Amino acid sequence: MRRTTKSTFLLSMVLALLVSPLSGCRKNKYIAPPPPEVDVATPVVQEIRRELEFTGSTTSFKTVKIEARVKGFLEEIRFQEGSNQIKKDDVLYIIDQEPFKVKVQQAQAALKVAEAMQSDADAQMASAKAEQKNAQTQLARSRAAGGAVTEAEIDEQVAAVGIADAKISAAEAARASADSQHTAAEAALAEAELDLEYTTVRSPIDGRITETLVDVGNLVGANEATHLATIVQNNPLYVYFNISESDILQWLEWQRQGLVAHRPEEMDERKTPIKLALADEDDFPHEGYVDYADPVIDQSSGTLRVRAVFKNDDNAIPAGAFVRIRVPLFPEQAMLVDDPAVARDQAGPYVLVVGEDNKVERRSVKVGDRYQGMRVIYDGLSTDDRIVVNGLQYARPGREVAPQLTEMQQPKPAAAAAATADDSSTTEEQTPESTESSSSDNE
């Protein structure tokens, strides 16, 4: 029995040694992973209205310095400092008027003297003409009488006619002098009345007035015009902004291509529509139009200065503020894709397209501006192309994927987009590990 047990044990060991190498020769089977799922969408084709955006600054439509035009003591201030609105012809200041009233009276008196001199000259003229007529009549009678009148008497009558002519000349000179004095007196009176009028300082425009710079009792206009206050008119309002040379050339190219011909009423150089947004406004609620542009480009900056006019009835737009300007252009048919779907490398912008065999292809594209979170595509795509819009980290050119058809989506908010970018930057393509299975026969 002991020998049999030992033989059986040895036989079991031999069989184990023979079976063990055979079981070790079995190979593990590799199971390929399924293609990764990616979201794909076809480009959107729709009519869009492109817009150019600039930064500008506002300035008052009119700015007028109120100055004293005559010398005198400031007697009264008729406006309230900080007044929201001043109307044209409102009385702002009163300068002491008494000296100017005296000058007006003096000018009026001088005018009356000149008028009296004119009357005296007219009387002298009438008397001289009457005397001349009488002398001429006597001379004519004497010559008609023949020998009844001596030559001496005729000579006296000729002399009388000459004296009358001289008196007429003197009367004419006196009249001319009186007319000159009358003209000077009228001018002096007009000047005195104008100076008197200047003592009442009125607003030349509608607008808002600053604080007064001179108090009552001060002498103004002593050596030169004294600045009293300033009035600014902010309705309407001017806005200045600069357009780059590249934008100008692009605009001219659009005109040459006839892309703006279907909207002539908006493309007129003096009626181009424009929108404005303040620093705290997301949209562009204020509407105006371009009314002026410099005739040449500034070579130092490579820009063209443009001016626009905006209504400002409620004074919602302050003068001197920095604003955003948006210039609407023409409507056009455009192909759009989600902006995050457009990538760039050294060869330029491209998108990842899934072909009919579900393999990823790199497609170079010609891109335009952003439009409401999407990117305009000018060339490189067709409307049937399936663009990878989600799962870009799994899409590699030449790799097979499982496309899931969706629609073009608007980009995520900035914070969410940043978070997605951070996550995707740390995500790498995972290589599935081989699956091994082994079995051993135990007996």
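Which residue in β18 does Ala41 stand opposite? Select Ala41 and look across to β18, where Ile387 stands opposite Ala41. Before going further, note that this is a predicted model, in which local features need pLDDT of at least 70 and side-chain atom pairs count only at pLDDT 80 or more, while totals for chains, interfaces and linings use all residues. Residues are numbered from 1 along each chain as its sequence is written, and side-chain values use heavy atoms, with hydrogens and water left out.

Now show strand β1 (residues 37-41) and strand β18 (residues 386-390), which run antiparallel and are joined by three bridges. Strands are DSSP runs of E with at least two residues, numbered from the N terminus, and two strands pair if DSSP finds at least two bridges between them. Add strand β14 (residues 348-354), which pairs with β18 in the antiparallel sense over two bridges; select Val354 there, and its bridge partner in β18 is Arg386.

Move next to the aromatic rings, of which the structure holds four pairs. Rings of Phe, Tyr and Trp (its six-membered ring) pair if their centres lie within 6.5 Å, and planes under 30 degrees apart count as stacked, over 60 as edge-to-face and the rest as tilted. Select Phe61 and Tyr238, a tilted pair with 4.8 Å from centre to centre and 40 degrees between the planes. This pair links distant parts of the chain, with Phe61 in strand β2 (residues 44-68) and Tyr238 in strand β8 (residues 226-244), 177 residues apart. Phe61 is partly exposed, with a relative accessible area of 25%, whereas Tyr238 is buried, at 13%; buried means under 20% relative accessible area, exposed over 50% and partly exposed in between (1.4 Å probe, protein chains only).

Add Tyr240 to the view, since ring pairs link Phe61, Tyr238 and Tyr240 into a cluster. Then select Arg307, whose charged end sits over the ring of Tyr238, 4.2 Å from the ring centre; for this, NZ of Lys or CZ of Arg must be within 6 Å of the ring centre and within 35 degrees of the ring normal.

As a last stop, select Asp339, in the loop between β12 (322-338) and β13 (343-345). Asp339 is buried, with a relative accessible area of 16%. Leaving aside neighbours within four places in sequence, Asp339 is in contact (heavy atoms within 4.5 Å) with Arg370, Gly373, Met374 and Arg375.

Note on methods. Helix = DSSP H or I, 4+ residues; strand = E, 2+ residues; numbered from the N terminus.
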